[in-house]
Amino acid sequence: MSDVKRIETPLTQEKLKTLKAGDNVLLSGVIYTGRDAAHKKMVEALEQGLELPFNMKDQVIYFVGPTPAKEGQVIGSAGPTTSGRMDAYSPKLIAQGLTGMIGKGLRSPEVIEAMKEHGAVYFGAIGGAGALIAKRIVSAEVISYPELGPEAVRRLVVKDFPAIVIIDQEGTNLYESGKAQYRTV
C-alpha cells in the first residue's frame, strides 16, 4: 500500500495541496458527522449568528447516520450517505473553513465551485461497507443536536479511515475523468 497517502487531521490547506483526484487515502484523527438534518440546523445557526457545534476551519465532515452500537462496540455500522442531500448546505460550511467532506455520489456545480474558491476536497467512502468502516472509528461522541438520533453531530476519532479523493481543490472530478477515460478506449 505504498501508493496510499496517510493524512492526519486537521486537514489544512497545505495538506489539501498534496491531494489529487484519484488518490487513495487513510485518514486519522478527529472528523465530524452530519447528514442533511444536521446540515440544515448548522446553516440556520449561521444565518442567525449562532455558534456552530464545532469550528469548521480545517475540519472534515463525514455524511453518515450510524446505526446504534452493539455491546462492546464504539459505533454501529457507519456507511456513507448520498452526498447530494447536503449540496444545498455545503457551500456555506465550506465558506466557514470546512476543508473535507466524505460521502458517496455526485456533488453539484455549486459545491465544486465553493471547493475551488475556498480550498476543500470531497472524499468518497465505499457504500455497503459500513460495518468495515466502523472498525476504523476509535471513539464516537454526540456533540450536538442529540434530538436528531442517528443524524446528530458526532465527534469521531478515526484511525486509517479508507477513502478516495473524488474531487480535489482544483475541481478535478474523478467521476468525470473516469468516464472520459473509458470513452477514449
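H39 is buried, with a relative accessible area of 0%, where buried means under 20% relative accessible area, exposed over 50% and partly exposed in between, using a 1.4 Å probe and protein chains only. The model is a predicted one, so local features need pLDDT of at least 70, side-chain atom pairs count only at pLDDT 80 or more, and totals for chains, interfaces and linings use all residues. Residues are numbered from 1 along each chain as its sequence is written, and side-chain values use heavy atoms, with hydrogens and water left out.

Back to H39, which sits in helix α2 (residues 36–47); helices (H or I, at least four residues) and strands (E, at least two) are DSSP runs, numbered from the N terminus. Once neighbours within four places in sequence are set aside, H39 is in contact with G34, I61, F63, M86, Y89, S90 and L93, contact being heavy atoms within 4.5 Å.

Now for the chain as a whole. The protein chain has six helices and seven strands, and they run along the sequence as β-α-β-α-β-α-β-α-β-α-β-β-α. Its radius of gyration is 16 Å, close to the 16 Å that the globule rule gives for 185 residues, so the protein chain is as compact as a globular protein of that length. That radius is taken over C-alpha atoms, and the globule rule is 2.2 Å times the number of residues to the power 0.38. Along the principal axes, the C-alpha atoms of the protein chain fill a box of roughly 50 × 40 × 30 Å.

As for packing, 48% of the 185 residues of the protein chain count as buried. Among contacts between residues at least 6 apart in sequence, 62% join residues at least 24 apart. The protein chain has an accessible surface of about 9100 Å², with 52% of that belonging to carbon and sulfur atoms; the areas come from the Shrake-Rupley method with a 1.4 Å probe, and for residues only the protein chains shown count as cover.

Next come some loop residues. L98 is found in the loop between α3 (90–95) and β4 (100–103), and at 2% relative accessibility L98 counts as buried. Beyond four places in sequence, L98 is in contact with M56, Q59, V60, I61, L93, G119 and A120. P80 is 18 residues from L98 along the chain, and the C-alpha atoms of the two are separated by 18 Å.

Q59, one of the contacts of L98, is in the loop between α2 and β3. Q59 is buried too, with a relative accessible area of 14%. Not counting neighbours within four places in sequence, Q59 is in contact with P10, V30, Y32, F54, G97, L98, T99 and G100. K57 also belongs to the loop between α2 and β3 (60–62), but K57 is exposed, at a relative accessible area of 51%. Apart from residues up to four places away in sequence, K57 touches Q96 and G97. The C-alpha atoms of K57 and K70 are separated by 33 Å, with their positions 13 residues apart along the chain.

A few backbone details stand out against the general background. Most residues other than glycine have a negative phi, and most peptide bonds are trans. The peptide bond from T9 to P10 is cis, with omega near 10 degrees, and P10 lies in the loop between β1 (4–8) and α1 (13–16). P10 is also among the contacts of Q59. Y145 is not a glycine, yet has a positive phi of about 55 degrees. Y145 falls in the loop between β6 (137–144) and β7 (153–167) and is buried at 14% relative accessibility. D160, not a glycine either, has a positive phi of about 55 degrees; D160 lies in strand β7 and counts as buried at 14% relative accessibility.

Finally, the largest pocket holds about 170 Å³ of space. On a 1 Å grid over the protein atoms alone, a pocket is an open set of points where a 1.4 Å probe fits, with protein on both sides within 12 Å along at least five of seven lines, and lining residues have an atom within 4 Å of a point. Grid points are joined across faces, edges and corners, and the volume is the space filled by probe spheres set on the points. The lining of the largest pocket consists of T67, P68, K70, Q73, V74, I75, G76, S77, A131, A134, K135 and I137. By class, that lining has six nonpolar, four polar and two charged residues, with Ala, Val, Leu, Ile, Met, Phe, Trp, Tyr, Cys and Pro counted as nonpolar, Asp, Glu, Lys and Arg as charged, and the others, Gly among them, as polar.
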